[in-house]
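Hi,

Here is the structure I promised to pass on. Have a look at it, and then read my notes underneath.

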Amino acid sequence: MKQMPLKIVFIMMAAFAVGHSSFAQDKNLVVRIARLQIDSAQLENYKAALKIHAETAVRVEPGVLNLYAVYEKEHPTHVTVFEIYSNAEAYQSHLKTAHFLQYKTSTKNMVKSLELIETVPIALETKYKNPN
């Protein structure tokens, strides 16, 4: 799978840390990037499943601070998910939730490749506030 330029990853990290300008100072945060390549015949179903999963996780899990998913304009089957959890326990708990397990089960045949990247935040600043 083609690598997303590092500059785009940094822009995403800076742009998507909703409403918490002190994120970078919190050493307990778990910040991950997931790069996926999706089967083109199942792309719309995958996007729908991911949207439901992300909305549910952010709404019901206090430790899920941010889940952002984007696809590349020129390569719509290349999806990047940017995730911020309050700590390692929140991340491990997320992996055991019914909505995450449903997402993984329902999309497993849609995902052609998955790369998980552990990151360390430098600056996670934003002016954007989620209207919900």
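**What I found**

Going along the sequence, the protein chain has the pattern α-β-α-β-β-α-α-β. That comes to four helices and four strands, where helices (H or I, at least four residues) and strands (E, at least two) are DSSP runs, numbered from the N terminus. Before you go further, note that this is a predicted model: local features need pLDDT of at least 70, side-chain atom pairs count only at pLDDT 80 or more, and totals for chains, interfaces and linings use all residues. Residues are numbered from 1 along each chain as its sequence is written, and side-chain values use heavy atoms, with hydrogens and water left out.

Some overall figures to start with. Of the 132 residues in the protein chain, 41% are buried (buried means under 20% relative accessible area, exposed over 50%, partly exposed in between, with a 1.4 Å probe and protein chains only). Looking at contacts (heavy atoms within 4.5 Å) with a separation of 6 or more, 79% in the protein chain are between residues 24 or more positions apart.

**The sheet**

The four strands make an open sheet, in the order β2-β3-β1-β4, with antiparallel pairing. Two strands count as paired if DSSP finds at least two bridges between them. At the edges are β2 (64-71) and β4, each of which pairs on one side only. On average, neighbouring strands of this sheet are turned by 15° against each other, direction ignored.

Strand β1 is a good one to look at first. This strand (residues 30-38) pairs with β3 (residues 78-85) in the antiparallel sense over eight bridges. Two places to find that pairing: Val-30 has Tyr-85 as its bridge partner in β3, and Val-31 stands opposite Ile-84. β1 also pairs with β4, again antiparallel and over eight bridges; there, Gln-37 stands opposite Ser-113.

How many of the residues of β1 are buried? Nine of the nine are, so the strand is largely enclosed by the rest of the structure. Both of its faces are covered: Val-30, Arg-32, Ala-34, Leu-36 and Ile-38 are buried on one side, and Val-31, Ile-33, Arg-35 and Gln-37 on the other. Take Ile-33 in β1: it counts as buried because its relative accessibility is 4%. Ile-33 and Thr-80 are 47 residues apart in sequence, yet 6.9 Å apart in space, C-alpha to C-alpha.

Over in β4 (residues 111-119) you will find Thr-119. This residue has a relative accessible area of 19%, so it is buried. Its side chain reaches the backbone oxygen of Val-31 at 2.9 Å, a polar contact (a pair of N or O atoms within 3.5 Å; within protein, one must be able to donate a hydrogen and the other to accept it, and residues adjacent in sequence count only if both atoms are side-chain atoms). Glu-115 is in β4 too, but with a relative accessible area of 31% it is partly exposed. Glu-115 and Gln-37 are 78 residues apart in sequence and 9.1 Å apart in space, C-alpha to C-alpha.

**The helices**

Helix α2 lies across β1, β2, β3 and β4, and runs at about 165° to β2. Axes here are lines fitted to C-alpha atoms, for helices over the stretch in contact, and angles run from 0 to 180 degrees between N-to-C directions.

How do α2 and α4 pack? Helix α2 (residues 43-60) and helix α4 (residues 98-107) are at an angle of about 170°, with their axes 9 Å apart. They are therefore roughly antiparallel to each other (angles under 35 degrees count as roughly parallel, over 145 as roughly antiparallel, 65 to 115 as roughly perpendicular and the rest as oblique).

From α2, the residues in this contact are Tyr-46, Ala-49, Leu-50, His-53, Thr-56, Ala-57 and Val-60; from α4, they are His-99, Phe-100, Tyr-103, Ser-106 and Thr-107. By class, that gives seven nonpolar, five polar and no charged residues (Ala, Val, Leu, Ile, Met, Phe, Trp, Tyr, Cys and Pro count as nonpolar, Asp, Glu, Lys and Arg as charged, and the others, Gly among them, as polar).

One residue to click on here is Thr-107 in α4. Thr-107 counts as buried, with 3% relative accessibility. Leaving out residues up to four places away in sequence, Thr-107 touches Tyr-46 and Ala-49.

Cheers
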